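Work through the exercises below with the sequence and the coordinates open. Try each task before reading its solution.

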Amino acid sequence: METGRIPNDFVIVAELDRKIIGLLLLIFYYRFDEACPSAWIENLFVLKAFRGYRVATRLVDLAKELAKRRGCKALSLIVGLRNLAGLRFYRQCGFKINKAVGLASQELGNRVPFCPGEGQSATLGRR
Ligand SMILES: CC(C)(COP(=O)(O)OP(=O)(O)OC[C@H]1O[C@@H](n2cnc3c(N)ncnc32)[C@H](O)[C@@H]1OP(=O)(O)O)[C@@H](O)C(=O)NCCC(=O)NCCS
């Protein structure tokens, strides 16, 4: 696994035979309300053929390690409540799911310039 560093973002990739089979986008930011650095997982994705081999577990473990080293108090993310695999996965990794928090977002009218095909990795092209 390698980490490619951009200022407060890390794209952590899992490779097999020089092909990316999984990735996690980790973002660091400062929480003014809690006066401490915090970390956020924006994307986590493993190619279908490679699921079930603990690839995502290793990506999250590395994200946790980096977040600890940066002094973050928490590592957070959003997972769809209908994404049963995702929910089970994150619980298995030690996350607690807070079902009371809503997602707020607003379309800004920009076209996504790059869409690799498999659902939620579509935001990749904007980073
Ligand atoms: C969720 C996802 C990242 C898991 O990747 P993975 O590499 O297959 O996960 P792991 O092999 O590390 O799984 C670890 C544990 O998570 C749970 N888990 C993972 N996939 C699961 C599934 N499809 N159904 C139920 N539990 C699952 C299991 O408890 C598993 O442990 P086990 O194999 O001993 O039962 C992958 O399915 C994926 O890319 N899904 C599409 C994108 C997505 O939903 N991302 C996360 C939400 S933002």
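The exercises cover the ligand shell, strand pairing and two backbone angles in this predicted model.

**Exercise 1. The ligand shell**

Find how many residues surround the ligand, and name the closest.

Solution.
- Step 1: count the shell. The ligand is surrounded by 17 residues.
- Step 2: pick out the closest. They are Arg-51, Ala-56, Thr-57, Ala-85 and Gly-86.
- Step 3: assign elements. Strand E4 (36-46), helix H1 (55-69) and helix H2 (84-92) each give two or more residues to the shell.
- Step 4: rank them. H2 contributes the most, with 5 residues.
- Step 5: sort by class. The shell holds 9 nonpolar, 5 polar and 3 charged residues.

**Exercise 2. The partners of E4**

Determine which way E4 runs relative to E3 and to E5, parallel or antiparallel.

Solution.
- Step 1: take E3, residues 19-31. E3 and E4 are joined by 10 bridges and run antiparallel.
- Step 2: fix the register. Ser-38 in E4 stands opposite Tyr-29.
- Step 3: look at the connection. E3 and E4 form a hairpin, with 4 residues between them.
- Step 4: take E5, residues 75-77. E4 and E5 share 3 bridges and run parallel.
- Step 5: fix this register too. Trp-40 stands opposite Ser-76 in E5.

**Exercise 3. The crossover**

State the handedness of the β-α-β unit made by E4, H1 and E5: right-handed or left-handed?

Solution.
- Step 1: follow the chain through E4, H1 and E5, which make up the β-α-β unit.
- Step 2: assign the hand. The unit is right-handed.
- Step 3: link this to the ligand. E4 and H1 are among the elements that give two or more residues to the shell.

**Exercise 4. Positive phi**

Locate Asp-17 and Ala-35, and decide whether each is buried or exposed.

Solution.
- Step 1: read the angle of Asp-17. Its phi is positive, near 50 degrees, and the residue is not glycine.
- Step 2: place Asp-17. It sits in the loop between strand E2 (9-16) and E3.
- Step 3: count neighbours. Asp-17 has 5 C-beta neighbours inside 10 Å, so it counts as exposed. The cut-off for exposed is 12 or fewer.
- Step 4: turn to Ala-35. Its phi is also positive and near 50 degrees, again in a residue other than glycine.
- Step 5: place Ala-35. It lies in the loop between E3 and E4, in the turn of the hairpin.
- Step 6: count again. Ala-35 counts as exposed because it has 8 C-beta neighbours inside 10 Å.

Notes: Residues are numbered from 1 along each chain as its sequence is written. This is a predicted model: local features need pLDDT of at least 70, side-chain atom pairs count only at pLDDT 80 or more; totals for chains, interfaces and linings use all residues. A residue is near a molecule or strand if its C-beta atom, placed from the backbone, lies within 6 Å of it. Ala, Val, Leu, Ile, Met, Phe, Trp, Tyr, Cys and Pro count as nonpolar, Asp, Glu, Lys and Arg as charged, and the others, Gly among them, as polar. Two strands pair if DSSP finds at least two bridges between them. A crossover is right-handed if, with the strands pointing away from the viewer, the path from the first strand over the helix to the second runs clockwise. A residue is buried if 20 or more other C-beta atoms lie within 10 Å of its own, exposed if 12 or fewer, and partly exposed in between; C-beta atoms are placed from the backbone.
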